[in-house]
Amino acid sequence: MQIISASYIKSSANYTQCPPPDKAEYAFIGRSNVGKSSLINMLCNIKGLAKISAAPAKRN
């Protein structure tokens, strides 16, 4: 699979606020500080799509 484009759309506190399910969606789960944001940025080849902490174990 090749990712052609990726963008942040919105955060939703409730599922009723989510965008319509007309595109593919992927979920990444795991403990904090395991590299989920780094993985998203690497897969999409877009630095800064997902925010990464300045230092490991640092809370934003």
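**Exercise 1.** Find which residues N41 is in contact with, leaving aside its neighbours within four places in sequence, and decide whether N41 is buried or exposed in this predicted model.

*Solution.* Begin by locating the residue: N41 is found in helix α1. Next, set aside the neighbours within four places in sequence, and the contacts of N41 that remain are I46, G48, L49, A50 and I52. Finally, take the relative accessible area of N41, which is 9%; because buried means under 20%, N41 counts as buried.

**Exercise 2.** Work out what is notable about the phi angle of N45, and where this residue is found.

*Solution.* The background needed here is that most residues other than glycine have a negative phi. N45 is not a glycine, and yet its phi is positive, at about 55°. As for its place, N45 lies in the segment after α1, and with a relative accessible area of 70% it is exposed.

**Exercise 3.** Determine how many disulfides a search of the whole structure finds, and explain why C44 has no bond to C18.

*Solution.* The search of the whole structure finds zero disulfides. Taking C18 as the starting point, the nearest cysteine sulfur is that of C44, 18 Å away, and C18 is in no disulfide. Since a disulfide needs the two sulfur atoms to be within 2.5 Å, the 18 Å between the sulfur of C44 and that of C18 is too far for a bond. The surroundings of the two cysteines can then be described in turn: C18 is partly exposed, at 40% relative accessibility, whereas C44 is buried, with a relative accessible area of 17%.

**Exercise 4.** Identify which residue forms a salt bridge with D22, and state how many salt bridges are found in the whole structure.

*Solution.* A search of the whole structure finds one salt bridge. In it, D22 is paired with K23, and the closest N and O atoms are 3.8 Å apart; this pair qualifies because the cut-off is 4 Å. Turning to accessibility, D22 is exposed, with a relative accessible area of 55%, and K23 likewise counts as exposed, at 60%.

**Exercise 5.** List which residues make the nonpolar surface patch of about 770 Å², and describe the place of M1.

*Solution.* The patch is made by M1, I3, Y26, F28, L39, M42 and L43. Of these residues, take M1 as an example: its place is in the segment before α1, the helix that spans 36–44. With a relative accessible area of 85%, M1 is exposed, and residues that make up a patch must have over 30%.

Note on methods. Residues are numbered from 1 along each chain as its sequence is written. This is a predicted model: local features need pLDDT of at least 70, side-chain atom pairs count only at pLDDT 80 or more; totals for chains, interfaces and linings use all residues. Side-chain values use heavy atoms; hydrogens and water are left out. Patches are made of residues with over 30% relative accessible area and no salt bridge: like charges are joined within 9 Å, nonpolar side chains (Val, Leu, Ile, Met, Phe, Trp, Tyr) within 5 Å. Accessible areas come from the Shrake-Rupley method with a 1.4 Å probe; for residues, only the protein chains shown count as cover. A salt bridge is a side-chain nitrogen of Lys or Arg within 4 Å of a carboxyl oxygen of Asp or Glu. Helices (H or I, at least four residues) and strands (E, at least two) are DSSP runs, numbered from the N terminus. Buried means under 20% relative accessible area, exposed over 50%, partly exposed in between (1.4 Å probe, protein chains only). Contact means heavy atoms within 4.5 Å.
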